[in-house]
Amino acid sequence: FVGREVCRVAVRKGYDVRSLSRRGLNPEPGSAELSGVTWITGDATDEATVKSLVADADAAVHAVGLLFDVDSGLKNLNIVVSGSRSVPGDESTYDNITKRTALNLIKAMRSRFRMPGKERPPLCFVSAAEAGWPDVRFGEQVESVAPDWLKRYLAAKRAVEAELTDASSSLRPVVFRPSLIWNFRKLDVLPVIPVFNLLSALGVPFVDKTVRVEALAAAIVAALDDPTVEGVQRFPEIEALSARA
């Protein structure tokens, strides 16, 4: 869902784009932009696969994730809430799908030789607005009553964010923290979009304004282009970056 749109925008901007996924298929064969992507079948939990993929990459984007993992008891709901309509397999835990795949990518990008004085390669990670709850008023109290699956989901996101921060001497980490990500084809979230946006507009500190997937993708590619963009990007920064597209 997010990765597809990032590929679309990146090709439009002239990038040579490679996408790794379990299917390795173009999700929209009729799209001129997506037909310009090299679609690779592979397992992002495999360290060697990821290392080979980014061996000569100038930048990387991690948009792998799932809302309900295999241990949540809600995994079949992914067919509804997942933009790619995927269903988790037996090994599809947050630690594997979010944390392990991202740590593989960070390690692979860090291991490459970089000429002295050359700019750090950017690595964009799609986290979640709720990963920032400890930093906002009432956020910790809200999380304390959250279901176990959400706590584990956020723990995996935060582990990746922390690893990216530690890697900032060799990489330029850009962490995107969108709230609900949507477009008009994603019917499962459309009814709650106005609610989130209203609460955010009213200043509820632990609810962020929602983000259209097209805006998020544009913001990610803009961040790749701009060496001054680094660190956490919440919805105001996402909107500002997307406006550059």
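**Reading a predicted model, one feature at a time**

Modeller: Let's start with helix α1, which spans residues 2–12 and is mostly covered, with eight of its eleven residues buried. Keep in mind that this is a predicted model.

Biologist: Which residues of α1 are the buried ones?

Modeller: They are Val2, Glu5, Val6, Cys7, Arg8, Val9, Ala10 and Val11.

Biologist: And what covers the buried residues of α1?

Modeller: Several elements do, including the strands β1 (18–21), β2 (38–41), β3 (60–62), β4 (122–126) and β6 (181–182), together with helix α8 (213–225). Just after α1, look for Gly14, whose phi is positive at about 95°.

Biologist: How should I read a nonpolar core?

Modeller: Think of buried nonpolar residues joined through side-chain atoms within 4.5 Å. Here, the largest such core holds 29 residues, and the members touching the most others are Val2, Phe176, Leu216 and Ile220. At least two residues of this core come from each of α1, β4, β5 (172–176), α8 and α9 (235–242). The biggest share is from α8, which gives nine residues.

Biologist: Val2 has come up twice now. Which residues does Val2 touch, not counting residues up to four places away in sequence?

Modeller: Val2 touches Ala63, Val126, Ile181, Val213, Leu216 and Ile220. There is also a second, separate core, made of 19 residues, with Ala102, Leu105, Ile106 and Met109 among them.

Biologist: Now for single residues. Is Asn26 buried or exposed?

Modeller: The idea is to compare the relative accessible area with a cut-off: under 20% is buried, over 50% is exposed, and partly exposed lies in between. Asn26 has 19%, so Asn26 is buried. You will find Asn26 in the loop between β1 and β2.

Biologist: What does the side chain of Asn26 reach?

Modeller: That side chain reaches the backbone nitrogen of Glu28 at 2.9 Å. Setting aside neighbours within four places in sequence, Asn26 is also in contact with Leu34, Ser35 and Trp39.

Biologist: Let me try Gly231 with the same cut-offs. Why is Gly231 called partly exposed?

Modeller: Because its relative accessible area is 24%, and the partly exposed range lies between 20% and 50%. Gly231 sits in strand β8, residues 231–233.

Biologist: Which residues does Gly231 touch, if those up to four places away in sequence are not counted?

Modeller: Gly231 touches Pro173, Val174 and Val175. For a sense of scale, try locating Ala44 as well: 187 residues separate Gly231 and Ala44 along the chain, and their C-alpha atoms are 24 Å apart.

Note on methods. Residues are numbered from 1 along each chain as its sequence is written. This is a predicted model: local features need pLDDT of at least 70, side-chain atom pairs count only at pLDDT 80 or more; totals for chains, interfaces and linings use all residues. Side-chain values use heavy atoms; hydrogens and water are left out. Buried means under 20% relative accessible area, exposed over 50%, partly exposed in between (1.4 Å probe, protein chains only). Helices (H or I, at least four residues) and strands (E, at least two) are DSSP runs, numbered from the N terminus. Contact means heavy atoms within 4.5 Å. A polar contact is a pair of N or O atoms within 3.5 Å; within protein, one must be able to donate a hydrogen and the other to accept it, and residues adjacent in sequence count only if both atoms are side-chain atoms.
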